[in-house]
Amino acid sequence: MLILVVGLVIFFVLHSIRLVAPQWRETSMARHGAMRWKMRFGMVTLIATAFIVMGYMQVRLEPVWLWFPPVWSRHLAGLLVLVALFFVGSALVPNTTMRNKVGYPMLIAVKLWAFAHLISNGTLADLIIFGSFLVWSIVSFAVYRRRDRKAGVVYKTSEESTVPTNLIAFVFAMVSWFAIVFYLHQAIIGVSPLV
């Protein structure tokens with residue numbers, strides 16, 4: 001459990017820098033260079049993610065069950081993850097409708113992903129991981145939107161989006177979903193979502 005918690009703490013501290021200290025982040029990027037900052041950020045994120053996965057795999061050996069999710073929750077989770085992947089695609093592809101309308105589609109993706117996994121898993125480890133991601137994404141989205149309103153940020157209208165960019169986000173979601181469901185989830189986490 002300790003490895004899992006350490007990984008989560010590192011991940012959330014790192015990903016909350018922009019949330020709690022945006023000026024420090026910008027100053028550090030200017031001082032060290034954006035590319036070097038992103039490389040360090042990426043490396044620490046990979047280490048934290050590895051800790052989370054290793055910790056989760058250890059805790060799964062002796063699970064502490066809090067509830068037993070019904071079978072239908074897995075089907076709903078699969079659908080929610082597909083929608084979450086569409087929001088990921090919308091965050092990665094410029095000028096998509098979701099990116100233009102909500103501003104932070106990646107945080108919506110994290111919310112959906114975390115909620116999907118919370119309803120379809122019932123152990124203490126699942127509650128710690130997915131519950132913390134859900135709370136973090138909700139708080140982050142609220143803070144960023146409030147900050148944007150205060151700064152007078154105006155989001156683009158959906159008419160400024162293009163069909164090809166939305167189609168790319170959709171294709172990304174479908175391809176990613178099939179890869180995750182039929183191969184990656186089993187290969188990385190050791191659990192097949194199809195079982």
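Buried, in this talk, means under 20% relative accessible area. Keep that cut-off in mind. The model is predicted.

Let me start with F133. Its relative accessibility is 8%, so F133 counts as buried. F133 sits in helix α8, residues 124–151. Its ring partner is W113, in helix α7, residues 105–120. The two are 20 residues apart, and the pair links distant parts of the chain. What is the geometry of the W113 and F133 pair? The centres are 5.3 Å apart, with 90° between the planes. That is edge-to-face. W113 has 29% relative accessibility, so W113 counts as partly exposed. So this pair joins a buried ring, F133, to a partly exposed one, W113.

Both rings belong to a cluster. Ring pairs link F11, F12, W113, F130, F133 and W136. Across the structure there are 13 aromatic pairs.

Now a second pair, F178 and F182. Both lie in helix α9. They are four residues apart, about one turn of the helix. Are these rings stacked or edge-to-face? The centres are 5.7 Å apart and the planes are at 5°, so the pair is stacked. Planes under 30 degrees apart count as stacked. F178 is partly exposed, at 40% relative accessible area. F182 is exposed, at 53%. The cut-off for exposed is over 50%.

On to helix packing. Take α1 and α4 first. Helix α1 covers residues 2–15, and helix α4 covers residues 34–59. Their axes are 7 Å apart, and the angle is about 150°. Over 145 degrees counts as roughly antiparallel, so α1 is roughly antiparallel to α4. The crossing of α1 past α4 is left-handed.

Who makes the contact? From α1 we have I3, L4, V6, G7, L8, I10, F11, L14 and H15. From α4 the list includes F41, V44, T45, A48, T49 and F51. Further along α4, it also includes I52, M54, G55, Y56, Q58 and V59. By class, the contact of α1 with α4 has 15 nonpolar residues, six polar and no charged. Note that F11 appears in this contact and also in the ring cluster.

Three residues of α4 deserve a look.

T45 first. T45 lies in helix α4. It is buried, with a relative accessible area of 15%. Which residues does T45 touch, not counting those up to four places away in sequence? F11, L14 and H15. Those three belong to the α1 side of the contact.

Next, Q58. Q58 is in helix α4 too. It is partly exposed, at 45% relative accessible area. The C-alpha atoms of Q58 and I3 are separated by 8.8 Å. Along the chain, Q58 and I3 are 55 residues apart. Both appear in the contact between α1 and α4.

Then M57, again in helix α4. Its relative accessible area is 35%, so M57 is partly exposed. M57 touches I188 and I189, not counting residues up to four places away in sequence. The C-alpha atoms of M57 and V191 are separated by 9.8 Å, yet these residues are 134 apart along the chain.

The other helix pair is α5 and α9. Helix α5 runs over residues 72–92, and helix α9 over residues 163–189. The axes are 8 Å apart, at an angle of about 135°. That makes α5 oblique to α9. Here the crossing is right-handed.

The contact residues are these. In α5: G78, V81, L82, L85, F86, V88, G89, S90 and L92. In α9: N166, A169, F170, F172, A173, M174, S176, W177 and I180. By class, the contact of α5 with α9 has 13 nonpolar, five polar and no charged residues.

One backbone point to finish. Most residues other than glycine have a negative phi. N95 has a phi near 65°, a positive value in a residue other than glycine. Where is N95 found? In the loop between α5 and α6, with α6 at 97–102. N95 is partly exposed, with a relative accessible area of 22%.

To recap. F133 is buried and pairs edge-to-face with W113. F178 and F182 are stacked. The α1 crossing past α4 is left-handed, and the α5 crossing past α9 is right-handed.

Terms used: Residues are numbered from 1 along each chain as its sequence is written. This is a predicted model: local features need pLDDT of at least 70, side-chain atom pairs count only at pLDDT 80 or more; totals for chains, interfaces and linings use all residues. Side-chain values use heavy atoms; hydrogens and water are left out. Axes are lines fitted to C-alpha atoms, for helices over the stretch in contact, and angles run from 0 to 180 degrees between N-to-C directions. Angles under 35 degrees count as roughly parallel, over 145 as roughly antiparallel, 65 to 115 as roughly perpendicular and the rest as oblique. A crossing is left-handed if the near helix is turned anticlockwise from the far one by less than a right angle, and right-handed if clockwise. Contact means heavy atoms within 4.5 Å. Ala, Val, Leu, Ile, Met, Phe, Trp, Tyr, Cys and Pro count as nonpolar, Asp, Glu, Lys and Arg as charged, and the others, Gly among them, as polar. Buried means under 20% relative accessible area, exposed over 50%, partly exposed in between (1.4 Å probe, protein chains only). Rings of Phe, Tyr and Trp (its six-membered ring) pair if their centres lie within 6.5 Å; planes under 30 degrees apart count as stacked, over 60 as edge-to-face and the rest as tilted.
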